[in-house]
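Student: Could you take me closely through one part of this model, beginning with a single sheet and the elements around it? Please then carry the description on into the rest of the chain.

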Amino acid sequence: MRYGFLGPETTFTHQALLQALEVMPREFTDTVEQVPFAAVATATTDLLAGEIDALIAPIENSVEGGVSGTLDVLAATDSITIVAEQIVQVTFVLAARAETALDDLRVVSSHPHAQAQVQGWLRENVPGANVATASSTAAAARDLASMSSEEAHGRAAVCSPLAAAHFGLTVLAEQIEDNSGAQTRFVLVTREGRIPARTGADKTTLVVQLPHNRSGALLETLEMFSSNGVNLSRIESRPIGDFLGRYSFSIDAEGHIEDRRVAASLRALHRICPVVHFLGSYPRIDGQAPEPREEFADATYDQAHAWIEKLTAMVTPASEVEGAGTGSPAAVDARPEPDA
Ligand SMILES: O=C(O)C(=O)Cc1ccccc1
């Protein structure tokens, strides 16, 4: 299997891939090739073209919420399925070449997610430095390590402690994140195919468009989950992109498509929403199983279904009703003439 990730090695995405490989069933880890990419979008193109078999990408972080780049790629592509999730604890260091001091810094480069999570620290501690964008935290570290001494003068990278060590940089400051304990959630996606088996502690990811021009459309959509006892762990609006005011909603719901309550919610969404894009049901990394009330248990749905089946089986077939038909013109003609 060829696994794509935002490279080079020692990015947070790479750490997520290594964590995912550790817990993956044997059949998916027999032959592993790790393929670094400079952007999620190019990795997605290669995934769709069959150049790689799976791809891992950040979808949500505990500081800023949804990762719009990933959410938009997932929403735009029909043939991608999320098969697993991973959570990485994120901590950043400020790393530079050995001869650099904090006061020398003029340029600090990193990935935009990292920039957003250390902006307070940078403002306070290196207010004179400009922030430059790198394709990843590890790319910022690698590029700094490969510069000439003159070029590297006054520069630093914000990256993981692992990346600083791997690329031989000196750590000027550690734990520079504005929110300690920050986490990023990653998803492992494959081309459309098999949905992982239900574990009892699963998540289902969807993108839906609301019923058009209807007051209360979002409420109506969310009611389909609440009336089936399904809890949501993330809901995010993303512009559809055609004109202002049109949004789709990216949703994580607790449960698996094989849970009756989740299937019933999705059936209801399918009836009312113009677009329901199923992105996958997969095991929750925290293993926390929801405890649905009895009215939302599989057996309760099955009993309700069996009850209706029994009742409908008792309905007299239309063909046996004397003089009645199936609503065809002949049946209409058979009605008595109205009194003159
Ligand atoms: O640049 C990286 O290392 C990434 O994997 C992207 C990223 C950056 C910061 C937090 C989480 C993911």
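Tutor: In this predicted model, the part to begin with is an open sheet of five strands, in which the order is 8-7-9-6-10 and the pairing is mixed. Its edges are formed by strand 8, residues 130-133, and strand 10, residues 170-174, and each of these pairs on one side only. From one strand to its neighbour the average turn is 30°, with direction ignored.

At the edge formed by strand 10, the partner is strand 6, residues 93-96; the two strands run antiparallel and are joined by four bridges. Within this pairing, Ala96 is placed opposite Thr170 of strand 10. A helix also belongs to the picture of this sheet: helix 5, residues 137-145, lies across strand 6, strand 7 (107-110) and strand 9 (155-159). With respect to strand 9, helix 5 runs at about 150°.

For the wider setting, an unreviewed UniProt entry carries the annotation "domain: Prephenate dehydratase" for residues 2-191. Over that span, 33% is helix and 32% is strand, and the C-alpha atoms at its two ends lie 12 Å apart.

Two backbone details occur in the loop between strand 1 (2-6) and helix 1 (12-23), where Pro8 is located. The peptide bond joining Gly7 and Pro8 is cis, with omega at about 0°. Thr10 is found in the loop between strand 1 and helix 1 as well, and its phi is near 80°, a positive value in a residue that is not glycine.

A helix pair can be described next. Helix 2, residues 40-48, packs on helix 3, residues 68-76, at an angle of about 25°, and their axes are 10 Å apart. Because angles under 35 degrees count as roughly parallel, helix 2 is classed as roughly parallel to helix 3. The crossing of these two helices is right-handed. On the side of helix 2, the contact involves Val40, Ala41 and Thr44, which meet Gly69, Thr70 and Val73 of helix 3. By class, this contact of helix 2 with helix 3 has three nonpolar residues, three polar residues and no charged ones.

Further along the chain, the same unreviewed record type supplies another annotation: UniProt gives "domain: ACT" for residues 206-283. The C-alpha atoms at the ends of this span lie 15 Å apart, with 29% of the span in helix and 37% in strand.

A second sheet can be followed here. Four strands make up an open sheet with antiparallel pairing, in the order 13-14-12-15. Strand 13 (232-239) and strand 15 (275-283) are the edge strands, each pairing on one side only, and the twist from one strand to the next averages 15°. Strand 13 runs antiparallel to strand 14, residues 247-254, and seven bridges join the two. Arg234 has Asp252 of strand 14 standing opposite.

Helix 9, residues 260-272, lies across strand 12 (202-209), strand 14 and strand 15, and its direction is at about 165° to strand 15. Helix 9 also packs with helix 8, residues 217-226, at an angle of about 160°, with 8 Å between their axes. Since an angle over 145 degrees counts as roughly antiparallel, helix 8 and helix 9 are roughly antiparallel to each other. Their crossing is right-handed. Helix 8 contributes Glu220, Thr221, Met224 and Phe225 to the contact, while helix 9 contributes Ser265, Ala268, Leu269 and Ile272. These residues divide into five nonpolar, two polar and one charged.

Helix 9 has a further helical partner, helix 10 (residues 298-313); the axes of the two come within 8 Å and cross at roughly 55°. Helix 9 and helix 10 are therefore oblique to each other. Here the contact residues of helix 9 are Arg260, Arg261 and Ala264, and those of helix 10 are Asp298, Tyr301 and Asp302. In this contact of helix 9 with helix 10, two residues are nonpolar, none is polar and four are charged.

Note on methods: Residues are numbered from 1 along each chain as its sequence is written. This is a predicted model: local features need pLDDT of at least 70, side-chain atom pairs count only at pLDDT 80 or more; totals for chains, interfaces and linings use all residues. UniProt positions are given in the numbering used here, feature names are shortened, and annotations may be inferred rather than shown by experiment. Two strands pair if DSSP finds at least two bridges between them. Axes are lines fitted to C-alpha atoms, for helices over the stretch in contact, and angles run from 0 to 180 degrees between N-to-C directions. Two residues are in contact if their C-beta atoms, placed from the backbone, lie within 7 Å. Angles under 35 degrees count as roughly parallel, over 145 as roughly antiparallel, 65 to 115 as roughly perpendicular and the rest as oblique. A crossing is left-handed if the near helix is turned anticlockwise from the far one by less than a right angle, and right-handed if clockwise. Ala, Val, Leu, Ile, Met, Phe, Trp, Tyr, Cys and Pro count as nonpolar, Asp, Glu, Lys and Arg as charged, and the others, Gly among them, as polar.
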